[in-house]
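Subject: A structure for you to explore

Hi there,

I promised to send you something to look at this week, and here it is. Open it in your viewer, turn it around a few times, and then read on.

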Amino acid sequence: MSRYIADTADITMRKNSGNKQTVFTAEAQIGGIGVSEESEVIRGGIGNKGLYTIKGAKDVTLDVTNATFSIDYLAMSQGAEITEDSAIVSQSEKGLQVTDNEGTLEISIKGTPVDEQVTIVNRDGDSTDVDVSGSTVEVPSGFANAGESVSAVYKEEVTGKVMTISGDKFSESYEVSYKTIEYDTETNRVVRDIYLNFPNCSPSGEFEMQFENGTALTPSLSFTVLANPNTGLIGEVVEVDRKDSEQQTPTP
């Protein structure tokens with residue numbers, strides 16, 4: 001019976017420290033595994049022919065590209081904790097209409113500036129800083145006319161999930177598990193589950209986020225797989241046959 005794989009893998013990541021808490025389950029678009037091996041051909045004799053090969057230094061890397069964004073990805077790569085905390089962020093409100101309040105030009109903003117200062121940008125791209133108190137911002141005379149739209153930029157304190165990137169913290173070790181399924185080429189039925197287990201994986205500290213209009217951000221994370229110092233075990237691949245009652249035909 002010939003078989004094929006046509007899916008990505010479900011990926012689970014667990015901390016190796018403490019109680020081995022499951023920290024992340026990826027909705028992976030791509031779950032990649034790469035194995036490389038250093039080898040050197042020893043040559044000798046007339047014609048410098050190859051006599052034998054020295055092999056060693058086997059390296060295994062894992063790559064996970066997630067279909068959805070999660071701050072957990074970034075936290076894993078940086079060895080950081082995610083906490084519920086407050087932070088100062090920049091807010092930008094566009095399309096605010098200038099109104100005439102008995103001779104005083106004003107706009108209303110949604111937030112509360114922490115430093116009681118707002119930068120107003122008019123339709124010509126000119127900007128001016130204005131001191132404020134509350135949510136009503138006075139527009140300087142001659143900067144904009146009633147009925148026109150302007151933008152307002154200010155700093156506001158918010159509360160949410162906060163992850164701090166620190167220069168003296170690095171990622172810890174994780175156990176990474178892949179699971180995918182195998183199909184029968186004749187019937188297209190799922191006939192096997194395939195598990196790939198890597199008990200000692202170190203995430204790369206490199207992380208890139210590129211924001212592009214109309215394109216989903218699919219963050220990637222890379223792991224270097226380390227061997228068990230006592231056994232030399234790097235990982236294992238397990239194939240499990242499904243019982244006839246468990247076999248499935250994929251729905252188109």
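Before anything else, please keep in mind that this is a predicted model.

**The chain as a whole**

Let's begin with contacts. Among the contacts in the protein chain with a separation of 6 or more, 68% are between residues 24 or more positions apart. As for secondary structure, the protein chain has one helix and 16 strands.

What is the radius of gyration of the protein chain, and what would a compact globule of 252 residues have? The protein chain has 29 Å, while the globule would be near 18 Å. You can also picture a box drawn along the principal axes: the C-alpha atoms fill roughly 95 × 55 × 45 Å.

Now for the surface. The accessible surface of the protein chain is about 16,000 Å², and carbon and sulfur atoms make up 44% of that. Of the 252 residues, 29% count as buried. The protein chain carries 19 positive and 41 negative charges, and the mean positions of these two groups lie 14 Å apart.

**The helix**

Helix 1 covers residues 71-78, and six of its eight residues are buried. The buried ones are Tyr73, Leu74, Ala75, Met76, Ser77 and Gln78. Right after helix 1 comes Gly79, which has a positive phi, near 65°.

**Salt bridges**

Side chains of opposite charge can pair when their charged atoms come close. How many salt bridges does a search of the whole structure find? The search finds eight. Here are three that you can look up yourself.

- Arg14 and Glu175: their closest N and O atoms are 3.5 Å apart. This pair links distant parts of the chain, as Arg14 sits in strand 2 (residues 10-15) and Glu175 in strand 13 (residues 174-184), 161 residues apart. Arg14 counts as partly exposed, because its relative accessibility is 28%.
- Arg192 and Glu239: these side chains meet in a salt bridge with an N to O distance of 2.6 Å. Arg192 belongs to strand 14 (residues 190-203) and Glu239 to strand 16 (residues 236-241), so the pair ties together parts that are 47 residues apart in sequence. Are the two partners buried or partly exposed? Arg192 is buried, because its relative accessible area is 17%, which is under the 20% cut-off. Glu239 counts as partly exposed, because its relative accessibility is 44%.
- Asp193 and Arg242: the N to O distance in this salt bridge is 2.8 Å. Asp193 is in strand 14 and Arg242 is in the segment after strand 16, 49 residues apart, so to speak two distant parts of the chain linked by one pair. Both Asp193 and Arg242 are buried.

There is also a network to find: salt bridges that share partners join Arg3, Glu182, Arg192, Glu239 and Asp241.

**Strand 5**

Strand 5 spans residues 49-66, and Thr53 is found there. Which residues does Thr53 touch, not counting those up to four places away in sequence? The answer is Ser39, Glu40 and Val41. Thr53 and Glu40 are 13 residues apart in sequence, and their C-alpha atoms are 5.5 Å apart in space. Thr53 counts as partly exposed, because its relative accessibility is 40%.

Ala57 is in strand 5 as well. Although Ala57 is not a glycine, it has a positive phi of about 55°. With a relative accessible area of 43%, Ala57 is partly exposed.

**Around strand 7**

Strand 7 consists of residues 99-101, and Asn101 has its place in it. Asn101 counts as partly exposed, at 39% relative accessibility. Try selecting Asn101 together with Lys15: they are 86 residues apart along the chain, and their C-alpha atoms are separated by 59 Å.

Glu102 is in the loop between strand 7 and strand 8 (104-108). What is the phi of Glu102? The phi of Glu102 is positive, about 55°, although Glu102 is not a glycine. Glu102 counts as exposed, because its relative accessibility is 80%, and the cut-off for exposed is over 50%.

Have fun exploring, and write back with any questions.

Best wishes

Definitions and conventions. Residues are numbered from 1 along each chain as its sequence is written. This is a predicted model: local features need pLDDT of at least 70, side-chain atom pairs count only at pLDDT 80 or more; totals for chains, interfaces and linings use all residues. Side-chain values use heavy atoms; hydrogens and water are left out. Helices (H or I, at least four residues) and strands (E, at least two) are DSSP runs, numbered from the N terminus. The radius of gyration is taken over C-alpha atoms; the globule rule is 2.2 Å times the number of residues to the power 0.38. Buried means under 20% relative accessible area, exposed over 50%, partly exposed in between (1.4 Å probe, protein chains only). Contact means heavy atoms within 4.5 Å. Accessible areas come from the Shrake-Rupley method with a 1.4 Å probe; for residues, only the protein chains shown count as cover. Lys and Arg count as positive and Asp and Glu as negative; His and the chain ends are not counted. The place of a charge is taken as NZ of Lys, CZ of Arg, CG of Asp or CD of Glu. A salt bridge is a side-chain nitrogen of Lys or Arg within 4 Å of a carboxyl oxygen of Asp or Glu.
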